[in-house]
Amino acid sequence: MLELSHDGEWKLGYGGDTLNTAIHLARLGHDVAFMTALGNDPFSAGLRKRWEDEGLDISLIQTHPTRNVGLYAITTDDGGERSFTYWRDVSAARELFDLADNDVRARAIAGCDLFYYSLISAAILPRNGQIGLIMLASMVREEGGLVAFDGNYRPRLWENAATAGGIHDAAVRAADIGLPTLDDECELAGDRDAAAVAAHWQGLGCAETVVKLGAEGCLLPDGTIVPPPETLAPVDTSGAGDAFNAGYLDARLRGLESVKAAAAGHALAGWTIMRPGAIPPREQ
């Protein structure tokens, strides 16, 4: 999506939870393809160019003939905590699975070491797209790849919590690595602590579940809590969880154990929140 952020003046960039993670992973040296749908408009063309410049493989991006790219604006309070305003009801990405034919889906699966998506990925899709997304994840697992899922819950994207919960649990069942956020899980399913969230995800079959606890750090599958290395005064918390996911997944793909992967996730999240925007420009 296009992103409006305010740093003294309004600036136009881009962001989105899975996109943020994808770009971080590409910057960390991974071969990353991003699957979505954009329009024929100049903004969509600009996004393709910028994402390709970041190192993303854009060959799986579909083009909608009439819809355009979505837009959101970020406002932050004095503590760097953000709130969002969205304009995405008619975004091209909502019709991704109507545009992506069997060849596109086969290319998405072929040779895929890790398939990563979130509950937001499912939330913006119609029912057939939600089913198609989870089926795609399951097919990656059948071909020997890993699936990572972030349970990003945004109530405004769902008809009700029960519908969201059904898709959420189906996606968890299809995942090898779970990256839930405690606050989101509590909002979706009622009062829970981190241990209860981990138990729920692991009970559905997602053995490697890492519960993100915000400033307190994260809870690893063995019950260890790994705190951030230092307390920061954030400039903008946009994209913090997405950056953590990228740092964690990068380390795990390189064969590091979970505690070191969590430290890598905290480091990348810490770098991100000290800069404006969901995906700050890389530094030379």
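**Helices α6 and α7**

I began with the pair α6 and α7 in this predicted model, and I find the two helices roughly parallel to each other, since angles under 35 degrees count as roughly parallel, over 145 as roughly antiparallel, 65 to 115 as roughly perpendicular and the rest as oblique. The axes of α6 (residues 127-142) and α7 (residues 161-173) come within 9 Å and cross at roughly 15 degrees; axes here are lines fitted to C-alpha atoms, for helices over the stretch in contact, with angles running from 0 to 180 degrees between N-to-C directions. I noted the crossing of α6 and α7 as right-handed, the term for a near helix turned clockwise from the far one by less than a right angle, whereas anticlockwise would be left-handed. Helices (H or I, at least four residues) and strands (E, at least two) are DSSP runs, numbered from the N terminus.

Which residues meet across this pair? From α6 I listed Arg127, Gln130, Ile134 and Arg141, and these meet Ile167, Ala170, Ala171 and Arg173 in α7, where contact means heavy atoms within 4.5 Å.

I then looked up Gln130, which is found in helix α6 and is buried, with a relative accessible area of 7%; buried means under 20% relative accessible area, exposed over 50%, and partly exposed in between, with a 1.4 Å probe and protein chains only. Leaving aside residues up to four places away in sequence, I find that Gln130 touches Ala122, Ala123, Leu125, Trp158 and Ile167.

On α7 I checked Gly165, which is found in that helix and is buried at a relative accessible area of 18%. Its C-alpha lies 9.6 Å from that of Glu185, while the two residues are 20 apart in sequence.

**Conventions**

For my own record, residues are numbered from 1 along each chain as its sequence is written, and side-chain values use heavy atoms, with hydrogens and water left out. As the model is predicted, local features need pLDDT of at least 70 and side-chain atom pairs count only at pLDDT 80 or more, while totals for chains, interfaces and linings use all residues.

**Aromatic pairs**

I counted rings of Phe, Tyr and Trp (its six-membered ring) as paired if their centres lie within 6.5 Å, with planes under 30 degrees apart called stacked, over 60 edge-to-face and the rest tilted. By this rule the count comes to seven aromatic pairs. The rings of Phe34 and Trp51 have centres 5.6 Å apart and planes at 85 degrees, so I entered this pair as edge-to-face. The pair links distant parts of the chain, 17 residues apart, with Phe34 in the loop between α1 (17-27) and β3 (37-38) and Trp51 in helix α2 (residues 42-53). Both residues are buried: Phe34 has a relative accessible area of 11%, and Trp51 one of 2%.

The pair of Phe115 and Tyr117 is tilted, at 5.5 Å centre to centre and 55 degrees between the planes. I find Phe115 buried at 11% relative accessible area, and Tyr117 counts as buried at 2%. Phe115, Tyr117, Phe149 and Trp201 form one aromatic cluster.

**Sheets and strand pairs**

Next I turned to the strands, where two of them pair if DSSP finds at least two bridges between them. Four strands form an open sheet with parallel pairing, in the order β7-β8-β9-β10. Its edge strands are β7 (114-118) and β10 (208-209), each of which pairs on one side only. Five bridges join β7 in the parallel sense to β8 (residues 146-150), and I noted Asp150 in β8 as the bridge partner of Ser118.

A second entry concerns three strands that form an open antiparallel sheet in the order β11-β12-β13, with β11 (211-212) and β13 (225-226) as edge strands that each pair on one side only. Strand β12 (residues 218-219) pairs with β13 in the antiparallel sense over two bridges, and Leu219 stands opposite Ile225 in β13.

Finally I looked at β1 (residues 2-6), which runs antiparallel to β2 (residues 10-14) and is joined to that strand by five bridges, with His6 standing opposite Trp10. The hairpin of β1 and β2 has three residues between the strands, and there Gly8 takes a positive phi near 90 degrees. To which strand do three bridges join β1 in the parallel sense? The partner is β5 (residues 71-76), in which Ala73 is the bridge partner of Leu4.
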